[in-house]
Structures are given as structure tokens and as C-alpha cells.
Amino acid sequence: MPRPDAPAKVRGAFDFASDLRAEGMLYGRTVRSPHPHAVVRRIDTAAAAALPGVRAVLTAADVPGKPFYGLDKVRDQPVLVGVGETVRYAGEAIAVVAADHPEQARAAAAAVAVDYEVLEPLTDPVQALAQGSSLRNLVIRRGNPEAVAEVVVKGFYEVGQQDQAPLGPEAGLAIPDGEGGVDLWIATQALHVDLRQVADALALPPERCRLRLAGVGGAFGAREDLSMQIHGCLLALRTGRPVKMWYGRDESFVGHVHRHPAWMWYEHGADREGNLVYVRATIVLDGGAYASSSHAVVANAAIFGCGPYRVPNVLMWCGAARTNHVPNGAMRGFGAVQSCFAHESQMDRLAAAVGISPLEIRLRNAMRSGDRLITGQVVSGAAPVADLIRRCAELPLPPPAEGRMALPGGAGNLAEAADISRGEGWALGYKNIAYSEGSDDYATARVRLERRNGHAVALVKTAAAEVGQGLVTVCQQIARTELGVEEVELEPADTLIGDAGSSSASRQTWMTGGAVREAARLVAEEVLKRAGPPGRGLAGGQVVDDEGAPLAPLALLLDEPIEREFEHHHRQTGKLDEDGQGDAHVSFMFVAQRAVVDVDPEAGLARVAQVATVQDVGLAINPLQVHGQIEGAVAQGVGLATMEEIQTREGLIRNASFTDYLLPTAVDMPEIVSELVEEAEPDAPYGAKGVGEPPLIASPAAICAAMRAASGRELCRIPVRPEELSGVSETKPPRELIPGQPPA
Amino acid sequence: MEVSSPRTLAEALDEMGAQPATVPLAGGTDLMVAINFGRERPERVMALRRVEELHELTVNRRVRCGAGVTYTRLLEAVRDPAMVQAARTVGSPQIRNAGTLGGNLGTCSPAGDTLPVLAALDAEVVVRSAAGAERRLNLGEWMRGPKKSARRPEELVVAAEWDPAGSSQAFLKAGTRNAMVIAVANLALVVDRVRRRVGLAMGSVGPTILRAQAAEDFARGLFEEAGWERPHRPSPAAAERFGALCAEAAAPIDDVRGTAAYRRHVVAVMARRALARTAAAV
Ligand SMILES: Cc1cc2nc3c(=O)[nH]c(=O)nc-3n(C[C@H](O)[C@H](O)[C@H](O)COP(=O)(O)OP(=O)(O)OC[C@H]3O[C@@H](n4cnc5c(N)ncnc54)[C@H](O)[C@@H]3O)c2cc1C
């Protein structure tokens with residue numbers, strides 16, 4: 001099943017958004033605040049406007065419509081920060097310029113003079129929450145929040161700030177239509193979500209802004225929020241010329257949200273056999289300066305914050321602080337990654353305290369279908385957690401590391417085999433699929449069947465974003481399956497059709513895939529109506545009878561093309577009550593992982609030798625792509641566990657480049673052995689669950705556990721830094737908090 | 001931006017003399033990054049790729065490695081193990097195909113991987129200008145500070161030269177990633193068993209490449225005692241002492257790549273391992 005976009009991508013011929021060009025195009029650039037917290041006193045654009053080649057210099061005063069954007073119900077992020085207004089993070093946009101040449105645009109941006117009254121930034125999220133600077137606080141109470149137990153373990157855990165690091169930085173091309181409207185070619189995760197914010201800011205009716213998907217060079221949550229969308233359109237409409245904007249890597253670090261860093265205080269209680277009695281936890285997330293998707297990330301961190309286990313008594317407090325940092329928001333795993341590191345570390349501590357193995361403690365408490373989440377929601381679908389664990393334990397272990405490059409330190413020539421010790425670690429993770437807490441989640445698809453050169457061709461149109469995950473293949477497969485035709489064409493994704501929602505939350509196969517299936521079924525129904533009895537189905541380009549015997553070529557029935565559209569909504573979810581109880585989610589996906597890590601404990605370096613992973617996928621519509629998702633997600637998990645971290649001091653990012661924001665290379669990638677468990681999910685189209693996130697939820701925790709086993713050190717923070725792995729220093733909680741209680 | 005592309009060293013040096021603001025470009029793996037980040041906007045760039053003389057590499061009684069020699073070529077031709085190991089740790093295959101020894105010297109970063117090796121080998125940096133005579137500087141004289149060399153505006157680095165020092169050499173580099181990483185700390189130890197010389201130099205633990213003289217003296221004593229021509233295994237106490245002397249000579253700071261405390265620690269670890277490896281090799 002070849003991917004339609006694969007050959008061009010492999011050959012380097014694929015047009016990513018940053019490759020776009022248009023006749024007479026201008027280059028846009030953004031003026032950004034160097035201060036994390038300041039009031040803009042004056043903006044002088046005259047010098048910039050007078051520079052050669054400069055066609056426009058725009059400020060907040062030039063925004064015709066709603067001056068705020070954002071993903072939350074309350075849009076709180078200024079399109080541009082105007083005079084008298086407050087800058088809330090370093091890198092916030094103050095003005096935009098357009099010029100004939102990128103160098104001219106750069107010079108113009110540098111020439112915009114801005115006077116700031118610099119204010120003290122709020123950078124400590126615990127303190128921010130203590131003083132009420134919060135984007136959301138959530139409490140979950142279940143059973144007896146004050147329960148006591150025979151065995152009690154406590155721990156503090158910290159997760160650094162991870163960047164989605166898509167290879168393609170933010171980019172788009174806005175082309176004015178000459179009638180006051182605009183076409184925007186954009187690399188995004190959700191065309192319609194962008195459209196609503198762009199149209200409001202431009203004060204245009206949505207139909208006069210057409211958003212069209214440009215080649216997306218990776219997303220992972222980084223393209224949920226707007227970047228240059230409104231800015232590019234403002235410049236294009238003002239100049240009457242196409243305007244291209246693309247961020248450099250350094251700009252990209254302030255141009256998109258990141259994964260919330262987390263500080264977590266946990267207490268677990270169990271009986272002497274290791275059966276969980278209670279969990280109490282406080283989770284502090286840094287939400288940064290604006291809401292973005294903090295609301296939902298808080299919910300996920302909290303709801304999944306005890307892991308896929310049966311926990312009768314819970315007191316969970318989770319809050320996202322509003323600080324003067326670059327906003328944090330969506331990233332693959334979405335809150336569940338952070339709390340997984342804490343609850344899995346706690347499960348290991350509990351196992352040690354009870355005197356059983358990490359495997360056994362997980363088996364004893366594993367969630368099953370029919371169990372309840374800590375929100376009281378019954379897991380009505382598949383939850384084969386114990387099965388995942390057992391099968392993962394049976395996967396083969398890796399041979400000892402051989403050769404310099406396979407040892408910790410790799411090319412650095414640091415370690416000999418005798419310097420190495422090997423450790424094994426376990427983690428389980430789980431998370432929801434699709435949107436939650438009562439939002440009306442739907443996707444639209446149109447399927448058209450027509451005759452071309454004598455045979456039937458299906459055309460599929462949606463607004464869903466292909467961000468590398470392979471949705472294009474899945475949609476084609478579904479149309480083929482439902483219509484029995486070989487040739488399926490995907491039409492370009494744009495806002496000329498209804499919303500598909502975002503390519504996030506592991507939801508598009510379920511949501512857009514489901515919409516394609518239903519639209520195709522409506523088309524098939526019409527074909528069969530035209531064919532009349534005994535036609536019962538479509539296969540191999542034929543109408544077939546009950547036994548599958550061909551009756552007539554499909555193409556003969558297509559004198560008139562057939563076109564059907566379908567809007568697929570998933571089962572309505574509910575809100576959480578004041579105790580954090582409610583059926584907030586539609587479905588869950590689970591994963592079990594075992595990591596094997598080689599550590600050089602003296603030098604404090606590590607190399608992940610293997611990650612074994614068994615994942616609950618419902619049905620693998622495209623097994624190759626599922627394994628691709630697993631490998632990519634594990635790579636990001638390796639990164640979070642061992643090296644990836646945005647370092648910020650006094651509100652300023654100190655490593656905004658791939659020189660110092662380290663990503664795993666091929667040498668750092670472990671062997672991955674994976675298996676899929678296919679237990680059909682009752683509600684899901686074809687029984688298929690989402691697959692993109694779970695491997696990244698569990699792998700950082702599993703890898704860190706293996707590093708603990710190999711080094712004998714506590715390691716309460718990821719990424720694990722060499723100074724901690726070597727025992728030179730140790731992470732301490734920023735302050736003592738009582739698990740379950742808010743910061744006071 | 002003006003770009004020239006001379007074909008001979010004489011032509012290149014004339015041009016440097018006439019236009020001292022000219023920025024030489026070798027593999028571009030440092031310079032283009034700086035331009036991309038807007039840290040540099042040179043008015044004039046002189047591409048050195050076509051200057052034959054800079055690509056010369058001879059490894060007879062004395063090694064002479066032209067400034068334009070890439071890491072890939074170094075790896076194939078040079079036999080000094082510390083230099084080979086250092087070249088191997090640089091970047092990725094693409095970077096090693098483009099990046100040059102002259103560029104490493106030109107950038108003069110305390111993290112430059114070949115620099116501690118050149119220091120430990122007592123190598124000479126050969127620089128030349130059209131007007132003046134050739135100058136020969138050891139690495140301590142060449143390196144004046146972080147990214148500050150003793151190069152005069154009209155000069156080019158022509159080559160580095162050193163005496164081959166046998167097989168008792170080691171280069172180690174600590175970094176958070178297992179390949180393509182800027183050194184959090186690196187260390188080169190060269191034990192020339194014929195000339196009875198020990199050179200130890202460390203990078204990324206100070207504003208320049210640092211020699212650890214007390215450690216060199218201590219190691220010389222060890223080899224003296226064990227016999228220069230024989231392999232030996234240093235006692236744990238000796239290794240410990242050697243490591244501690246190196247750590248003492250380090251002057252690290254905290255930065256985004258690592259903490260001072262870790263740097264000091266890992267220097268001692270690398271020194272102990274380097275000593276064991278060089279003592280075992282004859
Ligand atoms: C992805 C990546 C990974 C890297 N990894 C490493 C690493 O692991 N270790 C490491 O040490 N470095 C590393 N580097 C840095 C770089 O590759 C090296 O410093 C390399 O040696 C630079 O050589 P170049 O030929 O590319 O120099 P250029 O970029 O062409 O030049 C570098 C500087 O030297 C000057 N210069 C060049 N030639 C001469 C000359 N003949 N005379 C006078 N001045 C001259 C230039 O003007 C410029 O200032 C890496 C770089 C990248 C992009």
C-alpha cells in the first residue's frame with residue numbers, strides 16, 4: 001500500500017510550506033519582544049518603512065478585526081501587542097513587515113524601534129499558582145481521599161520542557177484574491193480551527209478566507225496554535241501582493257507552544273500484596289503566558305495521572321500556572337506523558353517497598369474492561385492491559401552491546417564494555433482518543449464516484465491535515481474497501497469543505513476515517529440502488545451478489561457521478577463535576593513497554609539499547625504505518641528521557657537551536673521490537689483505535705526506570721542529565737508540597 | 001556580499017592583504033551556521049576550496065596537514081590515534097566531508113575537537129600572509145580566548161604540523177548525545193614513548209584549551225618507573241591521582257551544555273581511562 005506522498009518526499013521533491021512561491025511575492029518578518037514581561041510604550045515604524053524594498057510595516061493598530069486569537073474558548077493571545085499593552089513572553093510579536101527581499105525584511109524588522117517599560121517576569125510556576133496566576137486548576141476526588149494504607153511511598157518528579165521539533169519550521173504563503181479576500185497556503189494541523197481565528201482577526205466572513213493545506217514538515221502539536229497565519233494575511237491584504245513568511249529555527253522556538261514542563265508530588269498507598277489503596281498527587285504544569293490548550297492538558301495530566309490501574313481512593317490536584325514563558329500547549333501525549341513519568345516511577349517504588357517485581361505490581365493492579373477511571377468513568381471498550389504486559393515480557397531481550405558506537409558515549413570514545421552496566425525498566429501508559437469534556441467532535445468527508453476512461457474512480461475530499469502520520473493512505477484504503485475500486489484520488493485539503501477537526505489527539509483515523517467510511521457507504525448504497533437486486537456489494541470494480549460473484553462492472557452505473565458527504569460525530573462526552581467526576585472521554589488506548597538501557601555510571605552517559613512495546617490498537621488498518629508511528633514516538637521518548645530540553649532562564653530560552661537543543665540521532669535510536677494487540681473497539685470505525693501517542697507516553701518513564709536500575713540512582717527528573725546519572729548532583733523539589741494539596 | 005574564489009595560495013594571500021576584512025570560507029560548517037543565525041554578515045567572503053596548497057597532506061617523519069584537509073581525509077591518512085579519534089567524533093559524515101582542520105583552528109572554539117589533540121601533540125599552527133614571513137605558533141599561542149585566535153587580519157592558516165607520536169594516544173569526548181554533539185568536555189593524552197614525552201590537553205573546560213602540566217609530569221614519572229618501552233597497568237591510586245590533577249587543572253563554567261561540577265568530574269573519568277589506554281598500548 002504505497003503512500004501517495006512518499007515518492008516525492010523520499011526524492012526531496014515534495015513541496016513543504018517553506019518551498020512555496022508565487023509571482024511578485026513579498027517576504028514577511030516579525031518584530032518580537034526581547035523581554036518576557038514589559039509594557040510597550042511606543043512603536044516607531046518610520047525608519048523601517050523608509051528602508052529600501054519595504055512595502056508594509058504593521059502594528060496592532062492595523063488589525064481590522066478581533067485583536068486576539070487562541071484555542072481556548074477565551075481567546076487571550078494578542079495578534080500583535082500594541083502601544084500601552086503588555087508583553088507576556090519573550091518572543092511575542094509586536095509588528096510585522098513585508099519587503100521585496102528576505103534581507104530587506106530582516107533589516108526592516110530590526111529598524112522598528114520599540115520602547116519597553118520592562119517589568120519583573122513571573123517565572124516560577126509553583127509560586128504563580130500559589131498567588132492565583134492559573135490557567136486551570138482541577139481537583140479529582142474519588143472514594144475516600146484521606147484513605148490510609150499499610151505500605152506508603154512518596155516521591156517528587158520533574159519533567160523538563162520538550163520541543164516538538166518538527167523539521168519544517170512554521171511557514172505559509174498568503175495570496176490576496178483581489179476582491180478583499182485571501183487564500184492562505186499553510187502548514188497546519190487544523191485548517192478550520194485556524195480559519196475561525198484568522199477570519200475573525202481580518203474581520204472577513206469565513207468564506208472569503210480560504211485556507212489550503214501546504215506541505216507539512218511534522219507537527220506533533222506544534223501547529224495547533226497559530227503562528228504566521230494572521231500576520232501573513234494582514235500583510236498580503238495590505239500590500240495586495242502574495243506574502244510568504246517562514247520562521248528560522250531560532251524563531252520557531254518562540255513561534256510555537258511546547259510541552260508543559262511539570263513538577264509532581266506523589267504519594268501511593270497499597271496493602272501488603274501491592275494492591276493499590278490510594279493515590280494522592282499534586283501536579284504543577286507551567287502553562288506559560290497564554291491559555292493555548294492548557295485547559296485540556298491539565299485534564300489529561302490529572303485524569304490519567306494514576307496510570308491504567310484500579311485505584312479506589314484518589315485525591316488529585318492539577319494546575320497550569322500562567323507565567324511569563326512562551327505558552328505551552330499541545331504535544332504528542334498531551335499531559336499524559338508528564339504524569340506517566342510520575343505514576344510509573346511510583347509503581348516501581350511501591351514494588352520495591354512491597355518486595356515484588358515491577359512486572360508483578362503492574363499485573364496486580366492492571367485496569368480491565370468494566371473498571372472505572374479515577375473520574376468514575378467506566379472503561380466500556382477494550383482494555384487488554386494485563387495481556388499487553390505479559391506479551392511485552394515475552395519479547396526477546398537485546399544481546400550485549402557490541403562496538404564503540406553501541407556503547408554509551410558512542411562516537412565520543414568514552415566507554416569500554418567493562419565500564420557499562422545494563423538496566424531494565426517498565427512502564428504502562430494510557431490516554432484518551434479524540435476531543436473530550438463535552439466538545440462536539442466531528443469530521444466531514446465527501447466521496448465522489450465517477451467514470452474515467454471506462455473505469456470507476458473514487459475521489460475523497462476532507463479538510464484533514466496530513467502531517468506525516470499517513471492519514472492519506474488510511475483514507476484511500478477505506479474508500480477502496482467500501483467501494484471496491486482500485487483507483488482512489490485524494491483531493492487537496494482545504495476549507496472549501498466542512499471541518500475535519502485537528503490532526504491531533506490520535507483522532508483522525510477514527511474521526512475523518514469514519515467520515516470517509518460513512519460517505520463511501522452512502523455512495524455504495526446509491527450504486528446498489530442503481531444496480532438493483534441481486535446486487536449486494538462492491539468488490540474488484542464490480543457489483544457483486546451475496547456470494548461475492550460479479551454481476552456488472554461498477555463503471556457502467558456511473559453515467560451520472562455519485563457524490564455524498566458525511567459528518568461523523570463521535571459519542572457525546574460529558575463534563576467533569578466539582579469532584580472531577582464524569583464521562584469526559586470517548587475511548588482509551590493502552591501500551592506496555594520495557595526498556596533496556598546501557599549506562600556508564602561513572603561518566604553519567606547512557607544509550608538505550610532496546611525498547612519493547614506492545615500496544616492496544618483495536619485494529620491496525622495499516623500495520624506498517626502503525627509501526628512507523630511507534631518508532632517515531634519512541635524516538636521522541638528517547639529524546640525526552642535522555643537529552644531533549646528547552647532551557648529557560650529569567651524567561652529567556654537559552655538553547656533555541658538544534659546545536660544545543662539536542663535530538664536523538666540514528667546512533668541514539670534503540671532497537672525497537674513491537675507487537676500489536678488487536679481487540680476491536682466497539683464504538684470505533686472498523687474497531688480501530690488511535691495509535692500515534694501511546695508509545696511516547698510510556699517510553700520516557702520506562703527508559704528512566706532502566707537508567708535507575710543500571711545506575712542505582714534515584715533519578716527523579718527527565719531528561720536525565722549526565723551530572724545526575726553520574727551522581728555529581730541531584731534534583732531537589734523546588735519546595736515541599738503535600739501530595740493532593742494545591743501550592744499555598 | 002562579494003565572493004571570490006582564488007586558485008593559488010599566493011593569489012589568496014594577496015587578496016587577504018589587499019582586503020583584510022575578507023572572511024575565509026573553507027567547509028562552511030561553522031561560517032554558514034553563523035550567517036544563518038544572523039551572527040555574521042560578512043561583506044567579503046573568500047572561498048578556499050580551490051586553493052590546492054591548502055589540501056596538501058603528508059605523513060612522513062613530520063605530519064603536515066593542510067588547512068583545507070577535511071576530517072574524512074584526516075581519518076584515512078593520519079595515523080596518530082588521538083587525532084583519528086578526534087576527527088571521528090566530529091559531527092556526522094556530511095560534516096566530516098566538508099569541515100576542515102583549518103576551519104576548526106579558524107573558529108578556535110574551546111570545544112573544537114582537534115584542538116586539544118594539536119596541543120597534546122605540541123603541534124605548530126602555520127600561518128602566512130603575503131607581506132610577512134610565515135609564523136609558527138603552538139596551540140597555546142594560537143588560541144587567545146573563546147573563539148579568539150592570534151590570526152592577523154591579512155593572514156591565512158596554511159597547515160598544522162607535528163611529529164608523529166606513536167600509538168600511545170587517546171582522545172575522549174563527553175557529550176549528552178552519542179554522536180554529533182559539541183563536547184561538554186574533551187581530553188587528549190599523547191604519550192610519545194620514543195621521545196619520552198607526555199602531552200595532556202583538555203577542551204570545553206576553560207576559555208581556551210588547557211594543558212594539565214602537573215598531570216603530565218606525574219604521568220611521565222609513571223612511565224619512567226614502568227619503563228617507556230613496556231605496556232603497564234597504572235595502579236588505581238595512580239589513576240586516581242592523575243585524574244585529580246587533570247580535574248584541578250580544569251577551569252570549567254556552568255552553561256547550557258553542562259555544569260562546571262560535572263565537567264570537572266568527567267575530566268577525571270576521561271583522564272583515568274585515557275591513562276589506562278595509553279599505558280596499555282605500545
Ligand atoms: C552539525 C555540525 C556538527 C559539528 N560537530 C562538530 C564536532 O563534533 N566537533 C567540532 O570540533 N566541530 C564541530 N562542528 C563545527 C565545525 O564543523 C568545525 O569547527 C569545522 O572544523 C569547521 O571547518 P570548516 O572548514 O567548515 O570551517 P568554515 O566554517 O569554513 O570556517 C570556520 C572559521 O574558520 C575560518 N577559516 C577557515 N579556513 C581558514 C584558513 N585557512 N585560514 C584562516 N581562517 C580560516 C573561517 O573564516 C571561519 O571563521 C560541527 C558543525 C556542525 C554544523
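# Exercises on a two-chain predicted model

Let's begin with a small sheet: 3 strands of chain A make an open sheet in the order S24-S25-S26, with antiparallel pairing. Two strands count as paired if DSSP finds at least two bridges between them, and strands (E, at least two residues) and helices (H or I, at least four) are DSSP runs, numbered from the N terminus.

Before you go on, some ground rules: this is a predicted model, where local features need pLDDT of at least 70 and side-chain atom pairs count only at pLDDT 80 or more, while totals for chains, interfaces and linings use all residues. Residues are numbered from 1 along each chain as its sequence is written, chains are lettered from A and ligands numbered from 1 in the order in which they are written, and side-chain values use heavy atoms, with hydrogens and water left out.

## Exercise 1: the small sheet

Task: find the edge strands of the S24-S25-S26 sheet in chain A, then follow what surrounds them.

Step 1. Look for strands that pair on one side only: these are S24 (537-539) and S26 (550-553) of chain A.

Step 2. Check the twist, which averages 35 degrees from one strand to the next.

Step 3. Go to S25 (residues 542-544) of chain A, which is joined to S26(A) by 3 bridges and runs antiparallel to it. Val544(A) has Pro550(A) as its bridge partner in S26(A).

Step 4. Now find the helix: H13 (residues 508-531) of chain A lies across S24 and S25 of chain A, at about 105 degrees to S24(A). Angles run from 0 to 180 degrees between N-to-C directions, and axes are lines fitted to C-alpha atoms, for helices over the stretch in contact.

Step 5. Walk the loop between H13 and S24 of chain A, and you meet Pro534(A). The peptide bond from Pro533(A) to Pro534(A) is cis, with omega near 5 degrees.

## Exercise 2: the sheet of 4 strands

Task: work out the order of the open sheet of 4 strands in chain A and see which helices pack on it.

Step 1. The order is S23-S22-S21-S27 (chain A), and the pairing is mixed.

Step 2. S23 (487-490) and S27 (562-569) of chain A each have a single partner strand, so one side of each has no neighbour in the sheet. On average, neighbouring strands are turned by 20 degrees against each other, direction ignored.

Step 3. In the middle of your walk, 8 bridges join S21 (residues 442-452) to S22 (residues 455-462) of chain A, and the two run antiparallel. Val447(A) stands opposite Val460(A) in S22(A).

Step 4. Add the helices. H12 (residues 471-483) of chain A lies across S21, S22 and S23 of chain A, at about 140 degrees to S23(A). H13(A) packs on this sheet too, touching S21, S22 and S27 of chain A, and its direction makes about 145 degrees with that of S27(A).

## Exercise 3: two packed helices

Task: describe how H9 and H15 of chain A pack.

Step 1. H9 (residues 336-354) and H15 (residues 694-711) of chain A pack at an angle of about 40 degrees, with axes 8 Å apart.

Step 2. Their crossing is right-handed, meaning that the near helix is turned clockwise from the far one by less than a right angle.

Step 3. Pick out the contact (heavy atoms within 4.5 Å): among its residues are Phe341(A) and Asp348(A) of H9(A), plus Leu696(A) and Arg708(A) of H15(A).

Step 4. Before H9, Phe334(A) sits in the loop between strand S19 (328-329) and H9 of chain A. Phe334(A) isn't a glycine, yet has a positive phi of about 45 degrees.

## Exercise 4: where the chains meet

Task: describe the contact between chain A and chain B.

Step 1. Count the partners: 42 residues of chain A are in contact with 32 residues of chain B.

Step 2. The buried area is about 2,900 Å², with 51% from carbon and sulfur atoms; this is accessible area (1.4 Å probe) lost when the two parts are put together, summed over both. Asn413(A), Leu414(A) and Glu602(A) supply 19% of the area that chain A buries here, more than any other three residues.

Step 3. Between the chains there are 7 salt bridges, each a side-chain nitrogen of Lys or Arg within 4 Å of a carboxyl oxygen of Asp or Glu. Glu602(A) makes a salt bridge with Arg272(B) (2.6 Å, N to O).
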